[in-house]
There are 2 protein chains.
Amino acid sequence: MKIRAMVASLLSIGALVTSINVSANEPIQPIKAAKVANADVVELGKMLFFDPRLSKSGFISCNSCHNLSMGGTDNIPTSIGHKWQQGPINAPTVLNASMNLAQFWDGRAKDLKEQAGGPIANPGEMASTHKVAVEVLQSIPQYRAHFAKAFGSDQVDIDRVTTAIAAFEETLVTPGSRFDKWLEGDKKALNAQEVEGYELFKSSGCAGCHNGPAVGGALYQKFGVHHPYKTASKAEGRKGVTGKDTDLNVFKVPTLRNIELTYPYFHDGAAATLEDAVKTMGKIQLDRDFNKKEIDSIVAFLKTLTGDQPDIKLPVLPPSNNNTPRPVPF
Amino acid sequence: MKIRAMVASLLSIGALVTSINVSANEPIQPIKAAKVANADVVELGKMLFFDPRLSKSGFISCNSCHNLSMGGTDNIPTSIGHKWQQGPINAPTVLNASMNLAQFWDGRAKDLKEQAGGPIANPGEMASTHKVAVEVLQSIPQYRAHFAKAFGSDQVDIDRVTTAIAAFEETLVTPGSRFDKWLEGDKKALNAQEVEGYELFKSSGCAGCHNGPAVGGALYQKFGVHHPYKTASKAEGRKGVTGKDTDLNVFKVPTLRNIELTYPYFHDGAAATLEDAVKTMGKIQLDRDFNKKEIDSIVAFLKTLTGDQPDIKLPVLPPSNNNTPRPVPF
């Protein structure tokens, strides 16, 4: 028995070492399951994420544009906002967003908490105000009870609202992709074309920006390093935040995790397919004309980055009552 | 042992008789849990119910206006359709809708299956066509696999689409309300005011139309029996279906199950609160001016009709691919 235990112990150390080695040699690391620090805050955050009463119309929730049935995005080039306004930019996925160095394409919010307050009060998105959103929640005793459970008192304020939404969003990670299994030593998890695609992804320079556990999200980069990107979009990227001309068209490198689910691509949503996106990226960022075989293998690799999607039980939201400010949809 | 078993058996017969007696003497019967005939059809129907690709924009799903987080409604007076068009009528709840004698306020669809096809192709709602909706689903192998599992072959057509959506909707029943517990013999489930409200609901005539397991949904009735209902709504009710002048302003009596969750009220959504709704109904339907105490007790009773909300795991939708027709949001 003792010998068997020792062997088992040695084997598991062996597996660990292999796993560490594999990851250490690769620019991409596996995604780890989310740790939940406070389940009550997360549960409250989930309710808020799904509650359209945070919008002026009562129709748009966080989940409208970061739809957890669809890779945490809306799968349209640019989002639909209050009164069907056309948004200026493609909605980034909320999945694994906690790993980004900052939020929004231009990084103007330092973290998920700061981000969460943005769309609620953006006249082109949810078009409410923090004041009204808080009044709505404050008027509902069942919500106040959730705030009390989560934060120790039933006070509702925008800081707590965005803290809770961010805490929920931090749980939206997607471990378990075939690529992660391969990274962790299961060499049968990828086929030859997918491995070839990954090798090309590294050797041609894609992994220079798209790296780390999120395969992106860790740095800013000019979009159009070798050739300018042609777009009708007016988004200026980091320049809009820093004011510097050198930051024109510099965007946060997006995560490639779950990229098969988060079409269309680029900040303007102009690339409808992964093939289009890879071709354009090769040309403008790497000055390289990938041929069809190369594109297909990189796309095959990219499709291995789809992880286990978050397991979400739809929240049942407490009803408004006679004291709750009503939405203004029209 | 034998005697104990006989006693147990007699006791359970006793409980059954009590339960039957209670229900038999009342105009309202408890809601029974849904029976699922084919879990694969229901699961497919759930995916379709949550899939905004059934709309032209890719933004509106069945769940947008029949939100299962919010009592199966959108909680706004009239719904928001494609390009933010203002709908002509208040979205009826999908909860317990299988118990309605027909669907829509004017009963123009004979059942849930017929109803489900309506909004998809209605230019003011989801604004797609059955042809495009089917093409979208047909293009996605994972969807075809679900159709094969549900129906025995991977053919996608609108008949199967609406069959599946209806099968899912048939599971959306809400047993377990406090009122049902009371009906079933738990006399502590309601307080004195709630019982008083129920007695008044019966004695004043409300239960003449709002009866059966769904507390409504079983017949058509003129809205404005004693006094005309004043509204800006152009909805004609049954007249729009039958063409008969006598059917002007005749609507399906809505279910009162979960009524606390399905505000605002009436076909035009003009009653913001239950108190408003009860007052108006008393006046125009019963020629009765309920006083505040009476209104409060009826409202207290109505709030006991909220049942267990369906336990929904958010579906993960299979992604579109290069062959999938793209949404046209703008």
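I began with Y229(A) and F266(A), both of which are buried (under 20% relative accessible area, with a 1.4 Å probe and protein chains only). The model is predicted, so I kept to pLDDT of at least 70 for local features and 80 or more for side-chain atom pairs, while totals for chains, interfaces and linings use all residues. Residues are numbered from 1 along each chain as its sequence is written, chains are lettered from A and ligands numbered from 1 in the order in which they are written, and side-chain values use heavy atoms, without hydrogens and water.

I then searched the whole structure for aromatic pairs and found 28 over all chains, where rings of Phe, Tyr and Trp (its six-membered ring) pair if their centres lie within 6.5 Å, with planes under 30 degrees apart counted as stacked, over 60 as edge-to-face and the rest as tilted. Y198(A) and F301(A) have ring centres 5.1 Å apart and planes at 35°, so I noted the pair as tilted. This pair links helix α9 (residues 192-203) of chain A to helix α12 (residues 292-302) of chain A, its two members being 103 residues apart. Y198(A) is buried at a relative accessible area of 0%, and F301(A) is likewise buried, at 0%. For Y229(A) and F266(A) I read centres 5.6 Å apart and planes at 80°, so that pair is edge-to-face.

I also looked up the aromatic cluster that Y198(A) and F301(A) form with F179(A), W182(A) and F201(A).

In chain B, I found K187(B) over the face of W182(B), at 3.8 Å from the ring centre (NZ of Lys or CZ of Arg within 6 Å of the ring centre and within 35 degrees of the ring normal).

Note on methods
Helices (H or I, at least four residues) and strands (E, at least two) are DSSP runs, numbered from the N terminus. Buried means under 20% relative accessible area, exposed over 50%, partly exposed in between (1.4 Å probe, protein chains only).
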